[in-house]
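Visitor: I'd like to learn how to read a fold from its coordinates. Could you walk me through one?

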Amino acid sequence: MSDPAKVRRHAERVRELVASVVRSQIKDPRLGMITITDARITADLRDATVFYTVLGDSVAQADTAAALESAKGMLRSTVGKALGLRHSPTLTFVLDDVQDQVKHIDDLLAAARNADAEVQRLAAQAKYAGEAQPYRVDDDEDDETDEADEATDVKETPRGGDTR
């Protein structure tokens, strides 16, 4: 097992090397507008996965995948020499569909914003089904009249029955 920091450094170096070689040394006409987005390498440093995106339609993506597959040997030897490892890592190229996922998430967020705006519009026009205040509230006027009635009802009679 290798150190995780060492594995990350090697993965970053693989990404840089592949991007450099694709830009400068591969002269395949099938190679489209490619961007190397990421590279991951296993802990034993024997297998590397390189993620890429291609500008264009599915035909351009298929042509670029074929061009990368045909240049895999040259890329592997360049990466192996530059890294100075005992075994050159095998390279696997994977089309990175991050842009499609981003577009899908943006579409979902736009739909959620539209739904929220519709709810706000409906809420602005909404009216109460019953009274505006559904709870009972004691009125201040009722309290004052009740207290006045209680004060007049109470009469004190002296003890001993003396009513002068």
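Guide: We'll go from the overall layout to the core, and then to two single residues. Keep in mind that this is a predicted model.

Visitor: Okay, layout first. How many helices and strands does the protein have?

Guide: Start by listing the elements in chain order. Here there are five helices and three strands, and from the N terminus they run α-β-β-α-α-β-α-α.

Visitor: And how much of the protein counts as buried?

Guide: For that, look at relative accessible area, where under 20% means buried. Of the 164 residues, 20% pass that test. On the outside, the protein exposes about 12600 Å², with carbon and sulfur atoms supplying 50% of it.

Visitor: What share of the contacts comes from residues 24 or more positions apart?

Guide: Take the contacts with a separation of 6 or more; residues 24 or more positions apart account for 63% of them.

Visitor: Now the core. Which residues in the largest nonpolar core touch the most other members?

Guide: A nonpolar core is a set of buried nonpolar residues joined through side-chain atoms within 4.5 Å. The largest one here has 25 residues, and V14, V18, L75 and F93 touch the most other members. Two or more residues each come from α1 (4–24), β1 (33–41), β2 (47–55), α2 (58–70), α3 (72–83) and β3 (90–95). The largest share, seven residues, is from α1.

Visitor: Pick one of those residues. What is L75 in contact with, leaving aside its neighbours within four places in sequence?

Guide: Its partners are V18, V21, V22, I26, L91 and F93. Two of those names, V18 and F93, were also on the list of residues touching the most other core members.

Visitor: Let's try a strand residue. Is A48 buried or exposed?

Guide: A48 is found in strand β2. It counts as buried because its relative accessible area is 1%. Beyond its neighbours within four places in sequence, A48 is in contact with V14, R40, I41, P89, T90, L91 and T92. Sequence distance and spatial distance are worth setting side by side, too: A48 and A11 are 37 residues apart in sequence and 7.5 Å apart in space, C-alpha to C-alpha.

Visitor: What about backbone angles? What is phi of L45 near?

Guide: Check the sign of phi, and note whether the residue is glycine. For L45, phi is near 60°, a positive value in a residue other than glycine. L45 sits in the loop between β1 and β2.

Visitor: Why does L45 count as buried?

Guide: Because its relative accessibility is 7%, and the cut-off for buried is under 20%.

Key: Residues numbered from 1 in each chain as written. Predicted model: local features only at pLDDT ≥ 70, side-chain atom pairs only at ≥ 80, totals over all residues. Heavy atoms only, no water. Buried < 20%, exposed > 50% of the residue type's maximum accessible area, 1.4 Å probe, protein only. Helix = DSSP H or I, 4+ residues; strand = E, 2+ residues; numbered from the N terminus. Contact = heavy atoms within 4.5 Å. Areas by Shrake-Rupley, 256 points an atom, 1.4 Å probe, with all protein chains shown as cover.
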